[in-house]
Number of protein chains: 2
Amino acid sequence: MVLKAEGLQRAGAFKFRGAYNAVRALVEAGSPAGVCAASSGNHAQALALAARLCGTHAVILMPHDAPPSKRAATESYGAEVIGFDRYCEDREQLQAGLAAERGLHVVHPYDDPLVMAGAGTTALELLQDAGDLDVLLVPVGGGGLIAGCATVAASLAPSTRVVGVEPRASPDVARSKLSGRRERVSVGRTIADGQQLPAPGERTWPVIDALVDEVLTVSDEQIVTAMTFLFERLKVVAEPSGASALAALLAGAVPARGGRVGVVLSGANVDAARFAAIVSGAGARGTHD
Amino acid sequence: MVLKAEGLQRAGAFKFRGAYNAVRALVEAGSPAGVCAASSGNHAQALALAARLCGTHAVILMPHDAPPSKRAATESYGAEVIGFDRYCEDREQLQAGLAAERGLHVVHPYDDPLVMAGAGTTALELLQDAGDLDVLLVPVGGGGLIAGCATVAASLAPSTRVVGVEPRASPDVARSKLSGRRERVSVGRTIADGQQLPAPGERTWPVIDALVDEVLTVSDEQIVTAMTFLFERLKVVAEPSGASALAALLAGAVPARGGRVGVVLSGANVDAARFAAIVSGAGARGTHD
């Protein structure tokens, strides 16, 4: 088993790779007034940091009730954060209005070829470091990470079986793989908040459809087991979504048969208090939909 | 700030360095029947692993009430674990009897020049990686780690100020530094179980006396703050003792004045459940002596 610990990536998740790739390309193509996105998650911090490193401005729309730590972290990278009411206001409309008014370029968290390509460098480095793999396990949310990784694997290691993993409560990509078309699901409760999406992306889906071999689902309990394993045995932090691919392996859901398995740990942005609640069971209550 | 993350060391703590150095020297000098120690902590696992790597046998005396995970981890490295009743039986006597009967060599967890020298490679690597440091902060328990590190610093970077840090509940080395002789204290409750020792070692003390500039103390609350910082910002695990030196720096107890500060994170062997209890306050109750 070879792990790619993207929790140790800048801003604590693989998201920086895609954001940086997109922002750098925009700036090189003729600097826009800046970039923007609506996010309270890892994409917000990644885009803020990428903009700072590329010398442009980032504006992040974030719900008023986002954790103060997320807002502070995003602002600490120099971004401008604008709050909105996620129950009364439409984020897409707000974002489009903001972009038009200020001449900002919207960087989507996953449904953008440059973001997908940037995310794919995760697999590029893993294959360079680890050599050939029989199986590559990748967490799936919107699908940007696995689309990029599957593209890299198809080119450099075509015999590698690329397997996605998502929470059982949000099985949109697994169902889409079974039916062969983009399926929309109602998203249930899960601790894996980075993967709570109702459907694969418009642009990520065709890549997943063509290049991903299989998508499995895991329970919150299996994710907690993987987070605990990483903490106690490898001494590294993973957020719930970040541990989901490993969860499938530890649960025996992946027929590895002694082969070489690569696992992407996609991120580690979880507060210590939330980790404590999750590990002690308080954070996992009622989430096994 | 440059951190040396010994939690990522083999067996999860700096202890492996000293144990390996001692066991290898013993085996090279003519193989003993094996090595032994009384420990339920990091030294047990370190010695077990060192013995396996050097092709000899390790016997560990461990209290019957030691956490099952510690016993299992020690056995997983191939050691023989013998339980004893720490309330009725004398561990020194048991250990001496066992060593005599079986021809085993006792490897002390810190009060041994080979163990101290091995532990000192922590500072050797840190100085090689980071270059000159103005201050080097090192957790202090029995004193083996800081004795080794101070010896290395005195030789390679004599202008580096070497500062030890121990829990406020167990200030034996800090008091000894103030009085200039080995002081014995009654050890209070603290979450930093790796540093609950009543007096500096007989062999570590003269080195600490000569080469360590100062020893500071930190509260359990300050240690929890450091553990949380490491978890949330650097995404790495530290056990309470392992975070103690960083705790002093974050608390502003070290006059760093913009200089280059090296900090040893000495270990990361803490169960997720215990980390959860500590972070949520349950594990720190009544420990601020």
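Are A:Phe231 and A:Phe275 buried or exposed? In this predicted model, A:Phe231 is buried, and A:Phe275 is buried as well. The rings of A:Phe231 and A:Phe275 form a stacked aromatic pair, with 5.1 Å from centre to centre and 25 degrees between the planes. Because A:Phe231 belongs to helix H9 (residues 220-234) of chain A and A:Phe275 to helix H11 (residues 272-279) of chain A, the pair ties together parts that lie 44 residues apart in sequence. The pair is part of a wider arrangement, in that A:Phe231, A:Phe275, B:Phe231 and B:Phe275 form one aromatic cluster, to which both chains thus contribute residues.

The two chains are related by a rotation of 180 degrees with 0.0 Å of shift along its axis, which superposes chain A on chain B with an RMSD of 0.0 Å. This is the relation of a two-fold axis. Among the residues of chain A, A:Ala276 comes closest to the rotation axis, its C-alpha lying at 2.0 Å; A:Ala276 falls within the range given for helix H11 (residues 272-279) of chain A, the helix that also holds A:Phe275. As for the interface, 100% of the interface residues of chain A are also interface residues in chain B, so the copies meet through the same surface.

Over all chains, the count of aromatic pairs comes to eight. Another of these is formed by A:Phe16 and A:Tyr20, a tilted pair with a centre-to-centre distance of 5.5 Å and an angle of 35 degrees between the planes. Both residues lie in helix H1 (residues 15-28) of chain A, and because A:Phe16 and A:Tyr20 are four residues apart there, about one helical turn separates them. The two partners differ in their accessibility: A:Phe16 counts as buried, at 9% relative accessibility, whereas A:Tyr20 is partly exposed, with a relative accessible area of 27%.

A charged residue of chain B was also examined. B:Asp111 is located in the loop between strand S5 (104-106) and helix H5 (113-130) of chain B. Although B:Asp111 is buried, it has no salt bridge; the nearest side chain of opposite charge, that of B:Arg203, is 4.2 Å away, and a salt bridge would require a separation within 4 Å. The side chain of B:Asp111 does, however, reach the backbone nitrogen of B:Glu202 at 2.8 Å. When residues up to four places away in sequence are not counted, B:Asp111 touches B:Gly201, B:Glu202, B:Arg203 and B:Thr204.

How values were computed
Residues numbered from 1 in each chain as written. Chains lettered and ligands numbered in written order. Predicted model: local features only at pLDDT ≥ 70, side-chain atom pairs only at ≥ 80, totals over all residues. Heavy atoms only, no water. Phe/Tyr/Trp six-rings, centres within 6.5 Å; stacked < 30°, edge-to-face > 60°. Helix = DSSP H or I, 4+ residues; strand = E, 2+ residues; numbered from the N terminus. Buried < 20%, exposed > 50% of the residue type's maximum accessible area, 1.4 Å probe, protein only. Lys, Arg positive; Asp, Glu negative; His and termini not counted. Polar contact = N/O pair within 3.5 Å; in protein donor to acceptor, adjacent residues only side chain to side chain. Contact = heavy atoms within 4.5 Å. Least-squares fit on C-alpha atoms with pLDDT ≥ 70 in both.
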